[in-house]
Amino acid sequence: MIKMTMCGNVTKDAVKKLINSKECLCFTVATDAGYGENKQTTFWNVVWATKYESIAKGKRIDAEAIPEFRTLEKK
């Protein structure tokens, strides 16, 4: 099992969606690694089953979870 800790900032306000009969918040988190010219930003799409009403753009997120990776195939 993989356990992941993510620390970053929400890139835009979260959107509520109903997924498998559960209310979820969907949003993107930007994380940075490295310094100066070697700095790289990674964007993570997050689906979070939570009781929060909303998560606003710019909010710092520190989360620990078991990630689920999927491959996106464009048509």
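Q: How much surface does the chain expose, and what share do carbon and sulfur atoms supply?
A: It's about 6,700 Å², with 50% of that coming from carbon and sulfur atoms. Accessible areas come from the Shrake-Rupley method with a 1.4 Å probe, and for residues only the protein chains shown count as cover.

Q: Anything I should know about the model itself?
A: It's a predicted model, where local features need pLDDT of at least 70, side-chain atom pairs count only at pLDDT 80 or more, and totals for chains, interfaces and linings use all residues. Residues are numbered from 1 along each chain as its sequence is written, and side-chain values use heavy atoms, leaving out hydrogens and water.

Q: OK, how many helices and strands are there?
A: Zero helices and five strands. Both are DSSP runs numbered from the N terminus: helices are H or I with at least four residues, strands are E with at least two.

Q: Where does Val47 sit?
A: Val47 is in strand S4, which covers residues 40-48.

Q: Is Val47 buried or exposed?
A: Exposed, because its relative accessible area is 54%. Buried means under 20%, exposed over 50%, and partly exposed in between (1.4 Å probe, protein chains only).

Q: Which residues does Val47 touch, skipping those up to four places away in sequence?
A: Ile19, Cys24, Leu25 and Cys26. A contact means heavy atoms within 4.5 Å.

Q: And how far apart are Val47 and Thr31?
A: They're 16 residues apart in sequence and 16 Å apart in space, C-alpha to C-alpha.

Q: Back to the chain, what share of it is buried?
A: Buried residues make up 21% of its 75 residues.
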